[in-house]
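Subject: Structure for you to look through

Dear colleague,

I am handing over the structure we spoke about, and I would be glad if you kept it open while you read the rest of this message.

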Amino acid sequence: MKIHLIRTEDFPKAQYHEVLQFLQGQVGILQFIEGPVVTLNPNYDYHIFEEDEFGKQEFAVRKHKGIHKGFIDDEKTSDSGVFFSYSPPSFPMRQRTYEWSHFFKTCKAYREFNDIPEQDLVFLLTNAMNKKNWFGSIDESMRNFFVHTADWPFFFKMLNKPIYPIAYEIVVWILRSMMFTHREEILDHVHDQPLGCINDFCVQKDQIILKMRTGDICLDCMDQIVKNDVPPPILRQIQNTLNDIRQHILFSRTKNVYLMDSPLLVSKQQKTLQFPDYSPTKARLNPKELSLYLLYLNHPEGIALNCVTDHQEELLNYYKDVSGQVDLQRMSTTVSLLSSYNEQELSVTLSRIRKKIKNAIGTEFSKKYLIDPLPNGTHGILISRERVRIADGDPNNGLENF
Ligand SMILES: [Zn+2]
């Protein structure tokens, strides 16, 4: 089955080719064909978007609003290459908006001009805004589509390449065209409340992140797919593509959380952890917590919780250093208790450290700083040790470095 991807000039060529290559790289019988640049009929209205409205897909037909405020330029035609730089819109924003029928007419014109077989699918990829502000849609023939290609970074704050949401829309519309008989049937089956399924309607456009992260098809929709005899090889190709997109989306999130190379400053004197890239708030640890943290910092390979006791001597040295105590016997007892897997002390101390770090910089950014399970089965801290500075005094003043 052939799927032709045509585009308007405002959808940058480099991004178009990335989307095309990604889809062509998927194994299966859906064949994605490079199409030409097309021009829209210059028949549009202007619409002024407020931010709230910009973030929504409308179910009902939008009421016409008058033009009442200043505007920014209505077309962004930057062809900025593989890495996409995005300037978020400012509101109110005046935009050309097109009736869906104009997009579908463009698909039909392409078909006629190029003698495209009726069973082939044609997608128009365009930055042009559409009435109702949908991510994409389908015509009554169930063979012509449009997908909106602009403004994805507005909804995916961490995504600098919008090719995955665009590819997602394309394959999901292909599936919908096969799992439903009529266009109206699609609306009857969409989920008003987001389930993380391909057919979540997503009135709030940023809800689309959920379904792209799950890449899932719910049981009701799976029944519909079976009922309408969607060929299994096509379903498999689409599911594989959704999984692939999901991996990229997840990676683009985790990449930012885990790989961003931001430093950790440890002050033994102040007994603080500082995360200058994230927050001025410091995590203040007590001597036991700091000693345990220093032990784990010194073991990037990780230490299983039941093996902390093997490192008692090292732990005691840290504790001597930071506790300010002099009674060796007392310190040994504390450390022995702290390092014992069978005592509560170790898990309680770990969870206190966890809580203090999260309080300082929030859950999402704290992941690489926590003493948490590692892929090798031990516990450890993910942060690259090259970015850790440990000082006796204040690590910020540069006087005493470890
Ligand atoms: Zn569903």
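What follows is an account of what was found in it, going from the whole chain to a sheet, a helix and a single residue.

Please keep in mind from the start that this is a predicted model. The protein chain contains 14 helices and 14 strands, and of its 402 residues 33% count as buried. If you take the contacts between residues at least 6 apart in sequence, 66% of them join residues at least 24 apart.

A good place to begin is an open sheet of five strands, whose order is 2-1-5-8-7 and whose pairing is mixed. Strand 2 (31–38) and strand 7 (136–138) stand at its edges, and because each has a single partner strand, one side of each is left without a neighbour in the sheet. On average, and with direction ignored, neighbouring strands of this sheet are turned by 20 degrees against each other. Strand 1 (residues 2–8) runs parallel to strand 2, and six bridges join the two; within this pair, His 4 stands opposite Ile 33 in strand 2.

Two helices can then be placed against these strands. Helix 1 (residues 13–24) lies across strand 1, strand 2 and strand 5 (121–126), and runs at about 165 degrees to strand 2. Helix 3 (residues 100–114) also packs on the sheet, where it touches strand 1, strand 2, strand 5, strand 7 and strand 8 (144–148), while its direction makes about 130 degrees with that of strand 5.

Helix 5 (residues 163–179) deserves a separate look. From its first C-alpha to its last, this helix of 17 residues reaches 24 Å, which is close to the 24 Å expected at 1.5 Å a residue. Since 16 of the 17 residues of helix 5 are buried, the helix is largely enclosed by the rest of the structure.

Finally, where does Ala 304 lie? You will find Ala 304 in the loop between helix 10 (287–297) and helix 11 (312–323). This residue counts as partly exposed because 15 other C-beta atoms lie within 10 Å, a number that falls between the 12 or fewer of an exposed residue and the 20 or more of a buried one. When its neighbours within four places in sequence are left aside, Ala 304 is in contact with Gly 377, Thr 378 and His 379. Ala 304 and Leu 374, although 70 residues apart in sequence, are 9.4 Å apart in space, C-alpha to C-alpha.

With best wishes

Key. Residues numbered from 1 in each chain as written. Predicted model: local features only at pLDDT ≥ 70, side-chain atom pairs only at ≥ 80, totals over all residues. Helix = DSSP H or I, 4+ residues; strand = E, 2+ residues; numbered from the N terminus. Contact = placed C-beta atoms within 7 Å. Pairing = 2+ DSSP bridges. Axes fitted to C-alpha atoms, helices over the stretch in contact; angles between N-to-C directions. Expected span 1.5 Å × (residues − 1).
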